[in-house]
Amino acid sequence: MTDGPPGTGTRDEDREDSDARVIARSRDEPEQFAALYDRHAHAVHRYAARRLGPEAAEDLMAETFVTAFQRRHTYDLTRADARPWLFGIATNLVGRHRRAEARRYRALARLPEPVEHEEPVADRAVARAGATGVRRELAAALAGLSARHRDVVLLVAWAGLDYEEAAEALGVPVGTIRSRLHRARSRLREALGGTDPTAFREADAHA
């Protein structure tokens with residue numbers, strides 16, 4: 001564990017004691033699973049909040065780790081990093097709230113002014129594009145995506161997964177991820193007048 005807040009463990013530490021090793025130990029010593037929570041709870045909570053709002057994020061984050069704990073005996077221990085697994089669980093849970101998510105984006109799209117502190121990663125991407133007021137337009141564009149396209153683009157853009165990790169999270173081939181991401185970004189660019197606010201580096205998602 002780290003001395004910092006949940007989810008802020010360094011990747012150097014993770015390499016020394018991988019997520020897979022933590023999960024393996026937790027099969028015989030369930031209390032060891034807390035280390036996985038400490039490493040990733042903050043990131044899962046942030047992802048959930050961006051998709052469903054802060055009110056639902058705490059419950060969804062908790063349910064993600066409860067589900068992960070219950071399934072720890074099925075985890076593929078050859079995969080050192082558990083983030084794709086955890087974000088896949090979280091995304092499946094978001095699937096139970098599709099209507100609420102779409103309503104959230106439509107509501108954001110109707111706001112007269114950008115909401116303070118909403119979607120900081122998207123804000124940085126929009127700022128780089130030199131756009132103003134795109135936040136509302138982005139929300140409307142996301143609401144217009146199909147569930148499967150929205151899942152892919154937000155796993156890459158907001159969870160910071162690469163294509164292979166997103167494929168692992170969703171249980172689909174990498175080629176499917178590339179195809180869905182291409183279509184999603186094309187639709188977002190069309191809706192935003194040529195701006196793609198999701199086309200930023202993975203490192204930005206962790207900043």
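At 11% relative accessibility, Thr 67 counts as buried. This residue is found in helix 4 of the chain. The model described here is predicted. In that model, Thr 67 and Ala 90 stand 23 residues apart in sequence, and their C-alpha atoms are 9.3 Å apart in space.

A second pair of positions can be described in the same way. Ala 41 has its place in helix 3. Ala 41 is buried, with a relative accessible area of 2%. Between Ala 41 and Leu 86 there are 9.5 Å in space, C-alpha to C-alpha, and the two are 45 residues apart in sequence.

The overall fold comes next. The chain holds 12 helices and zero strands. Read along the sequence, its pattern is α-α-α-α-α-α-α-α-α-α-α-α. Of the 207 residues in the chain, 46% are buried.

Aromatic contacts were then examined. The count comes to four aromatic pairs. One of them joins Phe 33 and Phe 69. Their ring centres are 5.4 Å apart, and the planes meet at 75°. That angle makes the pair edge-to-face, because planes over 60 degrees apart are classed that way. The pair links distant parts of the chain, 36 residues apart. Phe 33 sits in the loop between helix 2 (19-26) and helix 3 (34-52). Phe 69 belongs to helix 4, which spans residues 54-70. Phe 33 has a relative accessible area of 6%, so this residue is buried. Phe 69 is partly exposed, at 30%.

Tyr 47 and Phe 87 form another edge-to-face aromatic pair. Here the distance is 5.3 Å centre to centre, with 80° between the planes. Tyr 47 lies in helix 3 and Phe 87 in helix 5 (residues 83-94). The two are 40 residues apart, and the pair links distant parts of the chain. Tyr 47 is buried, with a relative accessible area of 0%. Phe 87 is also buried, with a value of 3%.

Charged side chains were considered next. Side chains of opposite charge can pair when their charged atoms come close. The count of salt bridges comes to nine. Glu 63 forms one of them with Arg 96. The closest N and O atoms of this pair are 2.8 Å apart. Glu 63 lies in helix 4, whereas Arg 96 is in the loop between helix 5 and helix 6. The pair therefore ties together parts that are 33 residues apart in sequence. Glu 63 is partly exposed, at 31% relative accessible area. Arg 96 is exposed, at 61%.

Another salt bridge joins Asp 76 and Arg 79. Their closest N and O atoms are 3.6 Å apart. This distance satisfies the cut-off, because a salt bridge requires the nitrogen to lie within 4 Å of the carboxyl oxygen. Asp 76 has a relative accessible area of 36% and is partly exposed. Arg 79 also counts as partly exposed, at 38% relative accessibility.

A further salt bridge brings together the side chains of Glu 165 and Arg 83, 3.1 Å from N to O. Glu 165 is in helix 10 (residues 163-170), and Arg 83 is in helix 5. They are 82 residues apart, so this pair too links distant parts of the chain. Both partners fall under the 20% limit for a buried residue. Glu 165 has a relative accessibility of 14%. For Arg 83, the relative accessible area is 11%.

Salt bridges also join into a network. Its linked residues are Asp 17, Asp 19, Arg 25 and Arg 39.

Finally, charge was examined on the surface. Arg 99, Arg 103, Arg 106 and Arg 110 gather there in a patch of positive charge. One of these residues, Arg 106, lies in helix 6, which covers residues 98-110. Arg 106 is partly exposed, with a relative accessible area of 39%. This value fits the patch, because patches are made of residues with over 30% relative accessible area and no salt bridge.

Definitions and conventions: Residues are numbered from 1 along each chain as its sequence is written. This is a predicted model: local features need pLDDT of at least 70, side-chain atom pairs count only at pLDDT 80 or more; totals for chains, interfaces and linings use all residues. Side-chain values use heavy atoms; hydrogens and water are left out. Patches are made of residues with over 30% relative accessible area and no salt bridge: like charges are joined within 9 Å, nonpolar side chains (Val, Leu, Ile, Met, Phe, Trp, Tyr) within 5 Å. Accessible areas come from the Shrake-Rupley method with a 1.4 Å probe; for residues, only the protein chains shown count as cover. Lys and Arg count as positive and Asp and Glu as negative; His and the chain ends are not counted. The place of a charge is taken as NZ of Lys, CZ of Arg, CG of Asp or CD of Glu. Helices (H or I, at least four residues) and strands (E, at least two) are DSSP runs, numbered from the N terminus. Buried means under 20% relative accessible area, exposed over 50%, partly exposed in between (1.4 Å probe, protein chains only). Rings of Phe, Tyr and Trp (its six-membered ring) pair if their centres lie within 6.5 Å; planes under 30 degrees apart count as stacked, over 60 as edge-to-face and the rest as tilted.
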